[in-house]
Amino acid sequence: MDTYTPETLQALVDDQPEEFRVSTAAYRGKEIFEEEMDRIFHKTWIFLCHESEIAKPGDFKSTQLGSRPVIVSRARDGKIHALLNVCTHRGATLCREEHGNTRAFVCPYHGWSFRPSGELIGIPDEDRYHACFNKADKNLKAVPRVASYGGLVFGSFNPDVEPLEDFLGGAKQHIDIWLKRTAGGTYRVSTAHKYGYDGNWKFQAENVCDGYHPGFVHRSAFNTVSKFSGSFENRALDVAVRQQGYTRGYPEGHGTLEAGAPLESGGIDPDVRQAYNDQLTALYGEEGAAEVLTNRQFLIFPNLTIFDFNIRVIQPISHDRTEVYSYPLMIEGAHDQINSNRMLDAQTRVGTAGILSADDIDVFAGGQNALKAEGFDWITLSRGLGKEEIKPDGERVGVYSDEVPQRAFWRKWRSMMKSDS
Ligand code: FES
Ligand SMILES: [Fe+2]
């Protein structure tokens, strides 16, 4: 199939009462990838950065919004801008640095310069231009909508996109709980771990809230931890399929995986741990503190994952290539042991060399290779279907190993892909 229509796109997700299937065509080929960029990544809110990455005036980060290169920067007045990373002279890539601080972006090609707000401020040998040459429309092209919630900065190419808080919907309450982990402080992201794999971006998006797979694909990692248990003091990781915990899915496409208990590893002096927990209790009460400490990870549709100690951004590159940026999250002002433990969790679990990421990436690349198989037309995401609790606002709740978040993702994917707007 070369060209898709709203009808054929909608037909890729088959949502029946007894079975939920996704066509393997949804992972294959450049056409579907381009439709995803147009209909999802260039239409809705996409995560750009954490505010701490561009804390000071002049700070910037270069990244991608969908398939388009952008710079996110903080201007002298403190305002955050998202700008196409394209020089308005002859279209060179303007900023080659991943992040930094600057008074002006100077194009490497002919030296035009722009403020972090995007304003064109310098043209070498400007007197060679006509007296009426219009400089005013040569500012960097701005991403029309930028907004942030809880320090998370999002941008959208769609000027008519819904308000950010409406887009976040059911995920907002989970962001609020995640923010409380700072015990009244703020988060600061560390330098990203990066990895790539030869597979579709949705494999990683589906995996993040998948409570079914850890006891299987990560078994050898867990066994290694058990074998050297003396060397991983208190670093508990579950080997078995979990009997407690929840999955949730929201109409906005977001989903969660909640362990139903704290999963944080050890390595912190008991009195340091106690002081942190006491601070949470003082701020939020016993129940509130317990809720904050309960392990959860969630996906903000389509490509942002938030863990208790980490932010992970899934960057689609093509239908069969994906890059992942994994940012450990430190708490500004927290005890060093709290932060070093958070860093250790981020590195050893979900970082590039983490014991969990390598297993998952191998499955994603294998999945992409398996798509070459002729005659394998549907995958099934039916676990827990018909057994989940459906709340009046559309939130669905299943047990830890249910495929509730994946179905929420695909329902939203389908509604955006079939949309003509
Ligand atoms: S392309 Fe940027 S200055 Fe010429
Ligand atoms: Fe995993």
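Analyst: Ground rules: two strands pair when DSSP finds at least two bridges between them. Helices (H or I, at least four residues) and strands (E, at least two) are DSSP runs, numbered from the N terminus. Residues count from 1 along each chain as its sequence is written, while chains are lettered from A and ligands numbered from 1 in the order in which they are written. It's a predicted model, with local features needing pLDDT of at least 70, side-chain atom pairs counting only at pLDDT 80 or more, and totals for chains, interfaces and linings using all residues.

User: Which strands stand at the edges of the sheet with the order β1-β2-β21?

Analyst: That sheet is open, with three strands in antiparallel pairing. Two of these strands have a single partner strand each, so one side of each is left without a neighbour in the sheet. The edge strands are β1 (13-15) and β21 (378-380).

User: And what is the bridge partner of V13 in β2?

Analyst: β1 runs antiparallel to β2 (residues 20-23), and three bridges join them. In β2, V13 has as its bridge partner V22.

User: Which helix lies across β1 and β2?

Analyst: Look for a helix running at about 120 degrees to β1. Axes here are lines fitted to C-alpha atoms, for helices over the stretch in contact (C-beta atoms, placed from the backbone, within 7 Å), and angles run from 0 to 180 degrees between N-to-C directions. The helix covers residues 404-417 and is α11.

User: How many residues of domain 1 are in contact with domain 2?

Analyst: Domain 1 is 9-42 + 170-417 and domain 2 is 46-156, with bounds from an automatic or database domain assignment. Their centres, taken over C-alpha atoms, sit 32 Å apart. Domain 2 brings eleven residues to the contact, and the number from domain 1 is 15.

User: Which elements each supply at least two residues of that side of domain 1?

Analyst: By type, the residues on this side are ten nonpolar, four polar and one charged. Nonpolar means Ala, Val, Leu, Ile, Met, Phe, Trp, Tyr, Cys and Pro, charged means Asp, Glu, Lys and Arg, and the others, Gly among them, are polar. The elements are α2 (30-41), α4 (172-180), β13 (187-189) and β19 (310-318).

User: Back to β19: which residue of β20 stands opposite N310?

Analyst: N310 is also the bridge partner of F307, where β18 (residues 304-307) pairs antiparallel with β19 over four bridges. β19 then forms a hairpin with β20, two residues lying between them, and this antiparallel pair has eight bridges. In β20, N310 faces P328.

Note on methods: Contact = placed C-beta atoms within 7 Å.
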